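Biologist: Could you take me on a close look at one part of this assembly, chain A, and tell me what it touches and how it is put together? A connected account would suit me best.

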Amino acid sequence: MKRYAYFPGCSAETVSASYHLSAVEAGTRLGVEFEEIEDWNCCGATPYTNIDELLAHALCARNLAIAEREHLDVVAPCSACFKNLYHTNACLRAEPDLADHMNYALEADALRFEGTIAVRHLIHVFVEDVGLEAVRRKVTHPLTGVRVAPYYGCQLVRPDRHDGYDAAAPRYFEDLLAATGATPVDFPYRLRCCGASLMVANRPAALAMVRDLLRSAVQAQADVIATTCPLCQLNLEAYQGDVNREFGTEYRVPVLYFTQLMGLAMGIGRKKLGIGRELIPPTKVLECVARKAAAAEAPKTAEVSHP
Amino acid sequence: MPPATYHTPSFAEEISNEMYATGTRGLNCCIQCATCSAACPAVAFMDHTPRRLIGMINAGLRDDVLNSNTFWTCASCYSCSEHCPKGIRPSELMYALKRYSIWKNRYRGDLVGPEFSRLFVKTIMRTGKSYEPGYAPAFIFEGGLRGMLREMQFGMKLLAKGRIPLLPSRIMRVESFRRMLSRIVPLDGIA
Amino acid sequence: MTQRKRLMIIDDDPDFVAAIRATLDEAGYETEVAHNPRDGFAALKARPHDLLLLDLMMGRGAEGVMVARKVRKDPALKHLPILILTGIRQQIAYLFPGQGVDRDFVSLSELLEKPVKPELLLERVGALLAGAATAAPGVS
């Protein structure tokens with residue numbers, strides 16, 4: 001059993017509960033255990049850096065210091081949380097004065113940052129630590145014929161990563177989807193920002209960015225968009241009505257978490273994966289899984305009738 | 001003793017100094033290639049493209065820069081920084097300009113970004129966590145009544161799917177959390 | 001002629017620096033300036049100074065706090081008098097309107113809020129230098 005300090009992020013308790021559920025279910029099936037960081041706090045998103053970047057570091061440093069007490073690497077399912085925690089970890093390791101300053105602040109909560117753990121994104125844990133072969137072995141209901149747009153988004157692949165990832169042309173999401181039996185489509189906008197941080201600050205800009213992504217996915221004939229981030233999921237799914245009103249389009253593209261697709265392919269029940277909370281039902285995906293389930297049942301029935 | 005003459009930093013040097021920790025060699029090494037503008041997914045909504053904004057900073061057009069909506073239209077996606085051939089990190093410049101305009105009390109009051117950031121930061125200072133859909137408090141001023149109704153319809157859809165909490169969540173050790181932050185920003189009212 | 005006192009100024013605001021520098025020059029002090037914390041600390045380490053005039057909000061945030069704490073921890077610098085010159089209350093009033101400055105973050109010598117009148121500046125600088133001379137003779 002691989003163990004990680006799990007940083008759910010604020011949206012896991014609310015808008016993205018299904019991501020949280022499906023991550024834990026898929027993890028359990030693959031021998032990964034997520035231990036929630038005790039009394040974790042918000043990562044600061046972007047607004048803290050807008051005002052004082054040292055405050056932003058303090059928020060992340062507190063979470064890292066709590067995880068360090070357990071000697072566990074941190075895993076974040078939200079790409080924005082991942083980016084912030086990763087960035088602070090890297091900055092504090094690179095700048096001892098900054099780490100010292102954060103430790104002065106952390107003293108107030110009886111904590112200390114030592115820089116002994118790594119920060120990972122959930123998808124990297126599944127791709128690297130678990131491995132695609134292990135995923136393939138657990139697939140019982142391959143998503144054959146389902147065309148999935150792998151949406152990496154921006155924070156997952158940026159910035160300042162020096163740990164071997166190819167930020168310009170990553171392939172691991174496509175490979176993971178292929179391991180579930182699905183067909184990853186060629187999705188030109190897979191690395192482009194969805195505009196989540198602008199949905200309040202500049203709504204017209206954010207809606208146009210969502211529109212661009214939906215158009216790219218539809219042109220790629222995707223049945224579903226797979227995301228690695230609750231902000232992307234909410235932004236791409238919940239604002240499709242607004243996009244259609246604003247631009248006179250008729251998009252209706254389901255948006256699922258990659259962990260939900262993994263879970264379905266591994267035969268985990270819909271409810272356990274939080275499926276049913278979508279605003280746009282992923283019909284094609286569910287039909288495929290139902291066909292696979294029926295096919296699995298059929299030989300058994302045949303055996304019973306001809307003993 | 002003759003009066004000393006000193007070099008007073010230009011606006012470009014002033015902003016480059018605020019970015020000292022990003023490792024950039026300074027904004028004046030910009031070659032105006034516009035890779036940042038081409039990489040930006042929000043460029044159509046900026047009154048000056050990132051390339052032009054850097055050019056304006058280098059030309060010393062302080063007021064025009066501060067009156068621009070460009071840095072509040074940045075989505076913080078880092079695409080520009082990833083591609084800049086001179087290592088300028090324009091996304092960090094946008095953060096630096098947001099901070100600069102706030103610290104100088106020169107942020108544009110008609111933009112939503114500064115007020116949204118303020119509400120977000122204050123919420124987390126109070127509770128340690130953000131209330132999702134974190135945007136809720138901002139909706140009220142974002143589009144007046146029309147915006148609020150629109151968001152309520154949107155909110156109702158999520159509520160029906162069990163995706164909105166009825167109460168905001170908070171961390172347990174809020175007091176020591178605030179004491180921690182007051183060691184970063186030394187003001188009386190935080191802890 | 002006694003040796004001129006050398007003052008280090010670390011502040012990101014070019015206009016403010018130009019103003020206080022003119023005042024301090026006229027009073028016969030030698031001044032050195034850095035506009036970011038990194039260059040400022042490097043200058044403190046490179047040459048002896050008699051007083052540090054330090055801003056708080058610079059670069060990423062309240063980095064002056066970081067600099068002051070680092071100076072106090074440095075064996076060669078820990079007795080250096082620090083005069084904080086800050087506009088932090090105005091700069092962050094956006095977030096915390098009306099809050100006072102907490103002066104206890106480090107054993108500071110003195111904290112003045114901007115804007116600073118030239119007479120007050122010269123008076124405090126003179127007092128800090130005199131105090132340092134009596135408190136730690138031989139420490140420059």
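Modeller: Happy to; what follows goes from the inside of chain A out to its partner, with a short look at another interface at the end. Please keep in mind that this is a predicted model.

Let's start with the division of the chain. Chain A falls into domain 1, covering 2-121, and domain 2, covering 142-296. Taken over C-alpha atoms, the centres of these two domains of chain A are 24 Å apart. Where they meet, domain 1 of chain A brings 23 residues into contact with 23 residues of domain 2 of chain A. On the domain 1 side, helix H1 (17-29) and helix H4 (79-94) of chain A are the elements that give two or more residues. H1(A) provides the largest share of that side, nine residues. Sorted by class, the domain 1 side of this contact in chain A holds eleven nonpolar, nine polar and three charged residues.

Now for a pair of helices. Two packed helices are described by the angle between their axes and the distance between the axes. For helix H6 (residues 122-138) and helix H7 (residues 172-179) of chain A, the angle is about 35° and the axes are 10 Å apart. The crossing of H6(A) past H7(A) is left-handed. From H6(A), the contact uses A:Ile123, A:Phe126, A:Val127, A:Leu132, A:Val135 and A:Arg136, and H7(A) answers with A:Tyr172, A:Phe173, A:Asp175, A:Leu176 and A:Ala179. Nine of the residues in this contact of H6(A) with H7(A) are nonpolar and two are charged, with no polar ones.

Next comes the outward face. The contact between chain A and chain B takes 46 residues from chain A and 53 residues from chain B. On the chain A side, helix H2 (47-51), helix H3 (53-69), helix H5 (96-106) and helix H8 (203-219) each supply at least two residues. H2(A) gives the largest share of that side, five residues. By class, the side of chain A that touches chain B has 29 nonpolar, nine polar and eight charged residues.

To set this in context, chain B also meets chain C, in a contact of 24 residues from chain C and 24 residues from chain B. Helix H1 (14-26) and helix H4 (88-91) of chain C are the elements giving two or more residues to the chain C side. H1(C) gives the most there, with four residues. The side of chain C that touches chain B divides into eleven nonpolar, seven polar and six charged residues.

Notes:
Residues are numbered from 1 along each chain as its sequence is written. Chains are lettered from A and ligands numbered from 1 in the order in which they are written. This is a predicted model: local features need pLDDT of at least 70, side-chain atom pairs count only at pLDDT 80 or more; totals for chains, interfaces and linings use all residues. Two residues are in contact if their C-beta atoms, placed from the backbone, lie within 7 Å. Ala, Val, Leu, Ile, Met, Phe, Trp, Tyr, Cys and Pro count as nonpolar, Asp, Glu, Lys and Arg as charged, and the others, Gly among them, as polar. Domain bounds come from an automatic or database domain assignment. Axes are lines fitted to C-alpha atoms, for helices over the stretch in contact, and angles run from 0 to 180 degrees between N-to-C directions. A crossing is left-handed if the near helix is turned anticlockwise from the far one by less than a right angle, and right-handed if clockwise.
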